Amino acid sequence: MLKLERSWRDPRSRRGALVRLVLFVPLFRALEYLLFLAFGALGGGRLEGGAAFLSSGATLVAALLAGAALIVPVDRRRIGALGFAWTRQVPREVGLGVALGGAGIVAAVAVGVLLGTVSYTADGGTIAGWVRTLLFDAFVFAVAAAAEEAVFRGYGFQVLARSFGPVVATLGTSLLFALAHAGNPNVTQFALLNIFLAGVLLCVAYLRTMSLWFATAVHLGWNWTMASAFDLPVSGLGMFQTPLYEPVTRGAAWISGGSFGPEGGIAGTIGMLICLFALWRWVRIGVSSEMADLHPIALRAPLEKQ
């Protein structure tokens, strides 16, 4: 019992980390299922794009509830330590994150345009419709990005990062992140490699700040710019349509990504590498003092007395 007690209380214990993961995963999945049923009963599935939004909302709330159910009594941290605490740095983190993710996609599309694999033709619609589409899509993509970050960079990742180190946690969860997209339409091995790279980028974004706001913003900037601004498929999903123009892809899919979108080709790889380099070299951001005071599990500092 003494060893188990120490495992629970010391985030550096690998045995304790595995026990907490065994508890977290089924709790998260059970909550996700129950919330999906509850949201469906409230009529969320009848909204435009309601099925995807409903699924993302259930996943986000379930991941946060499951993480809170463990981080408060077991790790003796406040809920904000999970990464969604509101600090004075959040507006800056969100702005920088969206800009960084968006810049990566701009670079990816620029590669396609320069190589002649991506071009655009005129399409119907109005400027007002274009603005409404971008605003609506931003909301939908924000919830979806927050959900994936809460799952893949949330409590489970943070426990692994503290107990096994950030490299192991990053590689392991990025692999799971890629496998979670293995069933997407038009997926290829190249696409899965890029999704793995995206997972690495988002893990680094979290580790630089201990903020899920920042990781979510990078994720949002990438997906929203890709789907709404450039009207391209997101990880093989082409359910979003932007008025006024229509993309045309041609040539080798390994360059443009083809029907999977930029993430399926070398253009997406270049965009992600630019994001990683910018995050490492140019973006001046770190763990805020307010976040550090919450003692995030993944922050590998000397363990405070409990």
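The structure holds zero disulfides, and this is a predicted model. The points below begin with the cysteines, move to the two helix pairs that involve H8, and then take up helix H6, three threonines and the backbone at selected residues.

**Cysteines**

- A disulfide would need a pair of cysteine sulfur atoms within 2.5 Å, whereas the sulfur of Cys203 is 15 Å from the closest cysteine sulfur, which belongs to Cys275, and is therefore too far away for a bond.
- Seen from the other side, the closest cysteine sulfur to that of Cys275 is the one in Cys203, again 15 Å away and too far for a bond.
- Cys203 is buried, with a relative accessible area of 0%, and Cys275 also counts as buried, at 1% relative accessibility.
- Each of these cysteines takes part in a helix contact: Cys203 is one of the H8 residues that meet H7, while Cys275 is one of the H11 residues that meet H8.

**Helix H8 against helix H11**

- Helix H8, which spans residues 189-209, packs with helix H11, residues 266-281, at an angle of about 15° and with the two axes 10 Å apart; that angle makes H8 roughly parallel to H11.
- H8 passes H11 in a left-handed crossing, and the contact of H8 with H11 is made up, by class, of 13 nonpolar, three polar and one charged residues.
- On the H8 side the residues in contact are Phe190, Asn194, Leu197, Ala198, Leu201, Val204, Ala205 and Arg208, and on the H11 side they are Ile266, Gly268, Thr269, Met272, Leu273, Cys275, Leu276, Leu279 and Trp280.

**Helix H7 against helix H8**

- The axes of helix H7, residues 166-179, and H8 come within 8 Å and cross at roughly 140°, which makes H7 oblique to H8.
- The crossing of H7 and H8 is right-handed, and by class the contact of H7 with H8 has 13 nonpolar, four polar and no charged residues.
- From H7, the residues that meet H8 are Pro166, Thr170, Leu171, Thr173, Ser174, Leu175, Phe177 and Ala178; their partners in H8 are Leu192, Ile195, Phe196, Ala198, Gly199, Val200, Leu202, Cys203 and Leu207.
- Ala198 of H8 appears in the contact with H11 and also in the contact with H7.

**Helix H6 and the residue after it**

- Helix H6, residues 155-164, is largely enclosed by the rest of the structure, because eight of its ten residues are buried.
- The buried residues of H6 are Tyr155, Gly156, Phe157, Gln158, Val159, Ala161, Arg162 and Ser163, and just after H6, Gly165 takes a positive phi of about 100°.

**Three buried threonines**

- Thr216 lies in helix H9, residues 212-229, and is buried, with a relative accessible area of 8%; leaving aside neighbours within four places in sequence, Thr216 is in contact with Phe84, Ala142, Ala145, Ala146 and Glu149.
- Thr133 lies in helix H5, residues 127-152, and is buried, with a relative accessible area of 16%; apart from neighbours within four places in sequence, Thr133 is in contact with Gln241, Thr242 and Pro243.
- Thr133 and Gly40 are 93 residues apart in sequence, and their C-alpha atoms are 24 Å apart in space.
- Thr117 is placed in the loop between helix H4 (90-114) and strand E1 (118-122), where it is buried, with a relative accessible area of 4%.
- Once neighbours within four places in sequence are left aside, the contacts of Thr117 are Gly112, Val248, Thr249, Arg250, Ile255 and Ser256.

**Positive phi outside glycine**

- Most residues other than glycine have a negative phi.
- Met210, in the loop between H8 and H9, nevertheless has a positive phi, near 55°, and Met210 counts as buried, at 4% relative accessibility.
- His295, in the segment after helix H12 (289-292), likewise has a positive phi, near 55°, but His295 counts as partly exposed, at 38% relative accessibility.

Definitions and conventions: Residues are numbered from 1 along each chain as its sequence is written. This is a predicted model: local features need pLDDT of at least 70, side-chain atom pairs count only at pLDDT 80 or more; totals for chains, interfaces and linings use all residues. Side-chain values use heavy atoms; hydrogens and water are left out. Buried means under 20% relative accessible area, exposed over 50%, partly exposed in between (1.4 Å probe, protein chains only). Axes are lines fitted to C-alpha atoms, for helices over the stretch in contact, and angles run from 0 to 180 degrees between N-to-C directions. Helices (H or I, at least four residues) and strands (E, at least two) are DSSP runs, numbered from the N terminus. Angles under 35 degrees count as roughly parallel, over 145 as roughly antiparallel, 65 to 115 as roughly perpendicular and the rest as oblique. A crossing is left-handed if the near helix is turned anticlockwise from the far one by less than a right angle, and right-handed if clockwise. Contact means heavy atoms within 4.5 Å. Ala, Val, Leu, Ile, Met, Phe, Trp, Tyr, Cys and Pro count as nonpolar, Asp, Glu, Lys and Arg as charged, and the others, Gly among them, as polar.
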